[in-house]
Amino acid sequence: MPWDILLIFFVLGVIVPWRGRAKLQRLLAKPRVEPAERLSLYGSTIAFQWLATAVAAWRAWAHGFSIAQLGLAIPGLSLLMVTAVGAVLIVTLQWLNLRRMGRSASPLRRPLQDLAERILPQGTTELIPFFALSVTAGLCEEFLYRGFAMAVLSRIGLPVGVVILFSSVIFGLAHLYQGRAGFVSTMVLGILFGASRSAFGSLLPAMVWHMGVDLVAGLAGLRYLIHRQVVTDPLL
């Protein structure tokens, strides 16, 4: 594997997890995170992800990877339908899971609430930048972990299952700042996204589903984790 490709994998598998944990530890050490600090976090993350994506795309082009190999081929109508149906299902499950956690008395709720209070949007002025962050994550992270990483691992001859699992592990590591539960749940999502990329030959479903998961985390997290509402209406 060329040195520049190895360097990108090092950044994804080591630098990104370290950077995420270091940032979160600083935020958790504070009794309260100001809106300006969250906006700065969103902005710096957006900039870093687009920079990383641009570098990975540049090196992929330099090494002769095609649009199709990177999962960027134009999708057909049937794939658009699969994407839409999958998005509705995944968004619904994410919302219900966060509602369940918000009502739970489990010890796992406290760390999740601490995380939510520090990084999730808490006002209208923060929602638009968070929306931009969610779209960026859906586009950039899916290209990096399911487009670029899976294309490279496939080229060196690894079996499809190993390719999906390896890319999902480094995707989970990137979210290790969420704790062990966050690592595992993100890795499981990565396996789902990787399987869709492998099955359909396109990143579109994973990109849209990823955006949906993140957007719901911001909206439902605000409702059920930060405001800590006791919701009695079963339809909410």
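This note goes through two helices, a surface patch and a few single residues of a predicted model.

1. Helix α3 is a good place to begin, and it covers residues 77–103, which makes 27 residues. From its first C-alpha to its last the helix reaches 40 Å, and this is close to the 39 Å expected at 1.5 Å a residue.

2. Which residues of α3 are buried? They are L79, T83, G86, A87, I90, Q94, L98, R99, M101 and G102, and when you follow the buried residues of α3 to their surroundings, you find them packed against α4 (109–119), α7 (179–200) and α8 (204–226).

3. One of those buried residues, L98, can be paired with R223, a residue found in helix α8. The two are 125 residues apart in sequence, yet their C-alpha atoms are 9.2 Å apart in space. R223 has a relative accessibility of 25% and therefore counts as partly exposed, since buried would require a value under 20%.

4. Helix α6 spans residues 160–174, and with its 15 residues it reaches 21 Å from first C-alpha to last, close to the 21 Å expected at 1.5 Å a residue. Its buried residues are V163, I164, S167, S168, I170, F171, G172 and A174. These buried residues pack against α1 (3–28), α5 (124–155), α7 and α8, and α7 and α8 are also among the helices against which the buried residues of α3 pack.

5. Is S167, which lies in helix α6, buried or exposed? Its relative accessibility is 0%, so S167 counts as buried. A polar atom of the S167 side chain lies 3.0 Å from the backbone oxygen of I164, and I164 is itself listed among the buried residues of α6. Leaving aside residues up to four places away in sequence, S167 touches Y145, R146, A149, M150 and L153.

6. V162 also belongs to helix α6, but a reader should treat this residue separately from S167. Why does V162 count as partly exposed? The reason is its relative accessibility of 40%, because the partly exposed class runs between the 20% limit for buried and the 50% limit for exposed.

7. The surface patch brings V162 together with M1, L6, I156, L158 and F166. This patch is nonpolar, and its residues together have about 510 Å² of accessible area. While looking at the patch, the student may keep in mind that helix α6 contributes V162 to it, whereas S167 of α6 counts as buried at 0% relative accessibility.

Definitions and conventions
Residues are numbered from 1 along each chain as its sequence is written. This is a predicted model: local features need pLDDT of at least 70, side-chain atom pairs count only at pLDDT 80 or more; totals for chains, interfaces and linings use all residues. Side-chain values use heavy atoms; hydrogens and water are left out. Patches are made of residues with over 30% relative accessible area and no salt bridge: like charges are joined within 9 Å, nonpolar side chains (Val, Leu, Ile, Met, Phe, Trp, Tyr) within 5 Å. Accessible areas come from the Shrake-Rupley method with a 1.4 Å probe; for residues, only the protein chains shown count as cover. A salt bridge is a side-chain nitrogen of Lys or Arg within 4 Å of a carboxyl oxygen of Asp or Glu. Helices (H or I, at least four residues) and strands (E, at least two) are DSSP runs, numbered from the N terminus. Buried means under 20% relative accessible area, exposed over 50%, partly exposed in between (1.4 Å probe, protein chains only). A polar contact is a pair of N or O atoms within 3.5 Å; within protein, one must be able to donate a hydrogen and the other to accept it, and residues adjacent in sequence count only if both atoms are side-chain atoms. Contact means heavy atoms within 4.5 Å. The expected span of a helix is 1.5 Å times one less than its number of residues.
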